[in-house]
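Open the model in your viewer and keep the sequence panel beside it. This tour tells you what to select at each stop and what is there.

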Amino acid sequence: MTQPFIDTDVIIRFLTGDDPEKQAAATSLFEKVEQGLLTVQAPDTVIADAVYVLSSPRLYHIARSDIQELLAALVRLPQFHVQNRSSVLRALDIYAATRLDFGDTLIIASMEQQGSHILYSYDADFDRIEGITRREP
């Protein structure tokens, strides 16, 4: 049997409580995951979307460090299978410690994991990252 996937909106309802009924259902789901009764999976884009929504000034405007703590706790659940888990966790750490957007921190974390030092990009923000040499195409 294949494992079910989870969407960003369930994570957002769980973490924010902006809809008490949906939060209760999402909490129940994550309790089953935490207890090992249910395994769910998600691509890393679900976590990227959650970072974007939680940090949005128009929506929740949650601090970077709080976002890192909230999402890392979920990603670390053994029965929550997130694609590229180690890179996602490292990207959340970098995100909390910098002003870079999460997509850029995921690139950096992926490069670290692969031992890569060259990045083709027009984004000069990467110039401030130690160990990365940015090149324009």
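Which residue's side chain meets that of Asp127 in a salt bridge? Select Asp127 and Arg134: their side chains form a salt bridge, with N and O 2.7 Å apart. Keep in mind that this is a predicted model.

**Stop 1: salt bridges**

Stay with Asp127, which is partly exposed because its relative accessibility is 45%, between the limits of 20% and 50%. Add Glu136 to the selection; Asp127, Arg134 and Glu136 are linked in a network of salt bridges.

Next select Asp125 and Arg128. These two residues form a salt bridge, and their closest N and O atoms are 3.4 Å apart. Is each partner buried, partly exposed or exposed? Arg128 is exposed, at 60% relative accessibility, whereas Asp125 is partly exposed, with a relative accessible area of 31%.

Now move to Arg13 and Asp18. Their side chains meet in a salt bridge of 2.9 Å, N to O. Asp18 is partly exposed, with a relative accessible area of 41%. The structure holds 5 salt bridges.

**Stop 2: the first two helices**

Arg13 lies in α1, so select that helix, residues 8-16. Which residues of α1 are buried? They are Thr8, Ile11, Ile12, Arg13 and Leu15. To see what covers them, show α2, α3, α4 and β2, which are included in that cover. Just after α1 comes Gly17, with a positive phi near 70°.

Now show α2, residues 20-34, next to α1. The two axes come within 8 Å and cross at roughly 105°. That angle makes α1 roughly perpendicular to α2. On the α1 side, Val10, Ile11, Arg13, Phe14 and Thr16 take part in the contact. On the α2 side, they meet Lys22, Gln23, Ala26, Thr27, Leu29 and Phe30.

Step back to Phe5, in the segment before α1. Phe5 is exposed, because its relative accessible area is 55% and the limit is 50%. Not counting residues up to four places away in sequence, Phe5 touches Gln41, Ala42 and Pro43. Select Lys32 as well: Phe5 and Lys32 are 27 residues apart in sequence, and their C-alpha atoms are 14 Å apart in space.

**Stop 3: the nonpolar core**

In soluble globular proteins, nonpolar side chains tend to be buried together. How many residues does the largest nonpolar core have here? This core has 37 residues, and those with the most contacts inside it are Ile11, Ile47, Leu71, Phe80, Val88 and Phe102. Elements that give two or more residues to this core include β1 (40-42), α3 (44-55), α4 (64-75) and β2 (80-82). The element that gives the most is α5, with 6 residues.

Centre the view on Phe102. Leaving aside neighbours within four places in sequence, Phe102 is in contact with Ile47, Ala48, Val51, Val88, Ala91, Leu92 and Tyr95.

**Stop 4: α5 and α6**

Finish by selecting α5 (85-97) and α6 (102-114). At what angle do these helices pack? The angle is about 125°, and their axes are 8 Å apart. That makes α5 oblique to α6. The crossing of α5 past α6 is right-handed.

Color the residues where these helices meet: among them are Val88, Ala91, Leu92 and Tyr95 in α5, and Phe102, Thr105, Leu106 and Ala109 in α6.

Definitions and conventions. Residues are numbered from 1 along each chain as its sequence is written. This is a predicted model: local features need pLDDT of at least 70, side-chain atom pairs count only at pLDDT 80 or more; totals for chains, interfaces and linings use all residues. Side-chain values use heavy atoms; hydrogens and water are left out. A salt bridge is a side-chain nitrogen of Lys or Arg within 4 Å of a carboxyl oxygen of Asp or Glu. Buried means under 20% relative accessible area, exposed over 50%, partly exposed in between (1.4 Å probe, protein chains only). A nonpolar core is a set of buried Ala, Val, Leu, Ile, Met, Phe, Trp, Tyr and Cys residues joined through side-chain atoms within 4.5 Å. Helices (H or I, at least four residues) and strands (E, at least two) are DSSP runs, numbered from the N terminus. Contact means heavy atoms within 4.5 Å. Axes are lines fitted to C-alpha atoms, for helices over the stretch in contact, and angles run from 0 to 180 degrees between N-to-C directions. Angles under 35 degrees count as roughly parallel, over 145 as roughly antiparallel, 65 to 115 as roughly perpendicular and the rest as oblique. A crossing is left-handed if the near helix is turned anticlockwise from the far one by less than a right angle, and right-handed if clockwise.
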